[in-house]
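Visitor: I would like to learn how to read a few features of a protein model. Please give the general idea before each case.

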Amino acid sequence: MVAPLNATIFAYQVGFGDCFLLRFSYPDGARRHILIDFGTTGLPENVASSHMLRVAEDIRDKCGGRNGVLDVLVATHRHRDHISGFATSNGVGSGDIIRKLAPKVIIQPWTEAPEAPVDWLGPEHSDVQTAFASRRASLAAMQQVAQRALTFLDLNGASVPRAIADQLRFVGENNLSNRSAIDNLQAMEGRHEYVFHGCDPGLADVLPGIEVNVLGPPTLRQSESIRKQRSSDPDEFWQLTAQRLVEATTQSDAKPLFPGKKSVRATRLFTEQRWLSHRIDDANAELMLGLVRALDDQMNNTSVILLFRAGKKTLLFPGDAQIENWQYALQSKFAKLLADVDVYKVGHHGSRNATPRSMWNSFSKRGGETREDRLVSVLSTKHGKHGSEDKKTEVPRRTLVNELEAKSNFHSTELLADGVLYEEIPIALG
């Protein structure tokens with residue numbers, strides 16, 4: 001089969017989350033479909049609770065209906081806003097619909113390999129595809145940290161400032177294990193590829209005429225510079241063995257500071273003592289939020305980064321990869337390929353640390369509206385769910401969006417009218 005003639009991106013409106021169906025069309029009428037993520041942690045306004053089921057049904061229809069086939073499924077990382085749609089429900093859930101499309105290849109990061117030892121640093125060589133098993137013990141510990149944060153909030157919510165409480169609940173819930181979705185992805189019968197920087201994802205037979213490069217995540221054997229930046233302990237950097245964080249947030253086994261002494265309720269404290277008590281509560285909440293944010297950032301750094309090259313065009317889909325994940329790719333042989341990107345799926349819903357300035361500045365096709373080969377950027381996001389405008393951490397970051405609007409053909413799911421399920425973005429490959 002010859003190379004495809006054109007591509008189409010279906011950018012689904014899922015609120016705060018990602019769901020992209022990438023279609024390649026060939027001269028003989030054949031099509032290949034790649035689903036990149038399917039999740040949300042905040043549905044669009046004015047949609048039914050069954051919205052994700054509607055999205056799944058539309059994906060099925062675009063892949064050929066009830067007898068259709070999904071060629072490649074990519075779950076960039078395990079955050080709920082990227083995989084919650086893969087959850088099953090008695091055979092009729094959105095994840096059930098996707099599973100029935102019988103994906104030929106399921107791509108996930110190496111950190112999800114179902115038989116990897118807990119202290120695994122990743123494959124030793126780029127030609128080694130066999131992953132060992134589940135890092136379930138360490139990943140489960142990560143989920144415990146998130147759950148303890150939510151338990152803390154349930155017990156102390158009244159004394160936690162609203163802005164902190166909202167962020168803590170959102171980030172904590174995003175990190176909780178979506179067991180149904182994870183199990184569904186693992187159980188799919190297609191070929192499973194657990195990928196890392198520079199590996200061959202094995203898609204030549206499934207996507208003829210399309211070159212697919214894996215830019216991330218790096219393994220801990222590859223990312224020496226990242227380890228030095230974060231910590232000498234690789235597990236601390238990736239947060240894949242977070243048991244000490246669980247222990248740090250466990251209250252049941254904690255010894256009292258003053259054994260045998262009576263305690264008093266905050267309402268019985270003197271005015272000055274109440275002032276101090278409230279500030280201790282606020283500091284405790286800030287500490288918990290910082291802990292969960294750190295976990296959140298490290299999970300994003302396990303995100304798969306894929307670069308598709310078809311015809312004369314290059315398409316970049318980085319999931320939620322943040323700067324530490326990007327750092328390795330930007331210093332590798334793929335840096336030159338990044339300069340030639342034609343389509344950029346904006347990382348991490350437009351956050352400030354997922355589109356490195358050095359990478360953005362290297363995109364040679366940035367430019368004004370009159371440029372014929374102007375860069376296309378595609379963003380899936382929802383305002384008000386993450387970050388703070390006061391601290392300039394809001395998602396999407398306004399300064400980034402301004403740059404995208406000024407120097408690319410900008411598409412955002414937030415610009416879709418109520419009731420519109422997706423935006424169809426055609427890409428000529430010639």
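Guide: The turns below take up a helix, some aromatic rings and a histidine. The model is predicted, so local features need pLDDT of at least 70 and side-chain atom pairs pLDDT 80 or more, while totals for chains, interfaces and linings use all residues. Residues are numbered from 1 along each chain as its sequence is written, and side-chain values use heavy atoms, leaving out hydrogens and water.

Visitor: What span should the twelve residues of helix α1 have?

Guide: Helices are DSSP runs of H or I, at least four residues, and strands are runs of E, at least two, numbered from the N terminus. The expected span is 1.5 Å times one less than the number of residues. For α1 (residues 51-62) that gives 16 Å, and the end C-alpha atoms are 17 Å apart, which agrees. Just after α1, G64 has a positive phi of about 115°.

Visitor: How is the pair of F20 and F317 arranged?

Guide: Rings of Phe, Tyr and Trp (its six-membered ring) pair if their centres lie within 6.5 Å; planes under 30 degrees apart are stacked, over 60 edge-to-face, the rest tilted. The count here is eight aromatic pairs. F20 and F317 are edge-to-face, with 6.1 Å between centres and 70° between planes. F20 lies in strand β2 and F317 in strand β9 (residues 313-317), so the pair ties together parts 297 residues apart in sequence.

Visitor: Is H197 buried or exposed?

Guide: Buried means under 20% relative accessible area, exposed over 50%, partly exposed in between (1.4 Å probe, protein chains only). H197 is buried, at 7%.
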